[in-house]
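This report introduces a protein model to a reader who has not met it before. Please keep the sequence and the structure in view while reading.

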Amino acid sequence: MRGRISRVKWFYIVCFMMILVCWRGMDVSAEETEIDTSAFKYEENADGTINVTDCNEKEETLVIPSEIDGKRVRAVKLNFDNDRWESECQIKRLVISEGIRDIMRNAFYNCKNLLSATIPKGVETIGDSAFSGCARLQYIDFPSSIKLVGAAAFLQCEEVLSVRFAPGSENVQIGDDIFRNCKKIQTVILPEKTDCIGGGVFANCERITSLNLPAGITFKMKEDVTVGSPFAGCKGLKEINFAGTSTQWEDAGGALVLNGMGGITKPTVNFNVAFPNPFEKDPDDPGDLMGGHVHEWSSAEWNHDTN
């Protein structure tokens, strides 16, 4: 009798575990098929890849799939710079799927509700004004694959606190005005390899107190020298830690960009300072930098949590 009870007990245990396995399998399937690709419109490139050009998704989370109708998505070419998008955009969380290479001009322009975005390693370009006016983004992390950040890409993202480029082998082109008027930025780690810092990049970023700059760069000034320095209006900037020598600083145009800051106190420039790895001590969560977890621009490369 006792043996029969044990067999019955094990029978129910096995059945229960099988139900759990099936249930979890159903959940995974749901996750895999939750993206409604019919909500997207696209154009086809000569190589058979596609660019996403429109989306009817009205949910707060927007996931851009890596494949639609069996075609690989190469670029996000949405254009939020129009009245329909501005009135309808409810996106709070953006996820760019792995395999997508380019986020193009104006793609998420003026998405005022956007709190977080996930961008994977593999994305190479972020076009002009791609996230300009996304006033609620707080943290911006660029993957090591990034090669170009276009002009005004994050112009007037007024809540941004931290900007970090992951160390990588790529030489990164940084356009004009990409962080202009991001007045709350406090932490900035630029790419270790970049040959030019565009005009107005940090213009009016009043809370930056210290910057690390890589050796080998040159500075670009815009025609209007009163606003053209990369550091114009950076009232709180106290020091610049330059990885190169004083001669390299002068050759790069360092004195010119400091003079272009206007009538504010110029920062001290320190030379031959080792360039930091921003993810060595804090690889997972940029929110930790500011002493708390909040919404961030995150990279799937570092497995950030955006909840």
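## Strand pairing, core and cysteines

I140 has V163 as its bridge partner in strand β12. The model is a predicted one. The strands concerned are β10, residues 139-142, and β12, residues 162-165; they run parallel and are joined by four bridges. Strand β10 is covered on both faces. On one side Y139 and D141 are buried, and on the other I140 and F142 are buried as well.

Several of these residues also meet F179. Setting aside neighbours within four places in sequence, F179 is in contact with I140 and F142 of the strand described above, and with V163. Its further contacts under that condition are F154, I185, V201, F202, A203 and C205.

F179 is also one of the residues with the most contacts inside the largest nonpolar core, which has 66 residues. The others named in this group are F108, F131, F202 and F231. Strand β2, residues 50-55, gives the most to this core, with three residues.

The cysteines remain to be considered. The structure holds zero disulfides. For C134, the closest cysteine sulfur is that of C111, at 5.1 Å; this is too far for a bond, so the two are not joined. A disulfide requires the sulfur atoms to lie within 2.5 Å. The accessibility of both residues is given below.

| Residue | Relative accessibility | State |
|---|---|---|
| C111 | 1% | buried |
| C134 | 0% | buried |

Technical notes. Residues are numbered from 1 along each chain as its sequence is written. This is a predicted model: local features need pLDDT of at least 70, side-chain atom pairs count only at pLDDT 80 or more; totals for chains, interfaces and linings use all residues. Side-chain values use heavy atoms; hydrogens and water are left out. Buried means under 20% relative accessible area, exposed over 50%, partly exposed in between (1.4 Å probe, protein chains only). Helices (H or I, at least four residues) and strands (E, at least two) are DSSP runs, numbered from the N terminus. Two strands pair if DSSP finds at least two bridges between them. A nonpolar core is a set of buried Ala, Val, Leu, Ile, Met, Phe, Trp, Tyr and Cys residues joined through side-chain atoms within 4.5 Å. Contact means heavy atoms within 4.5 Å.
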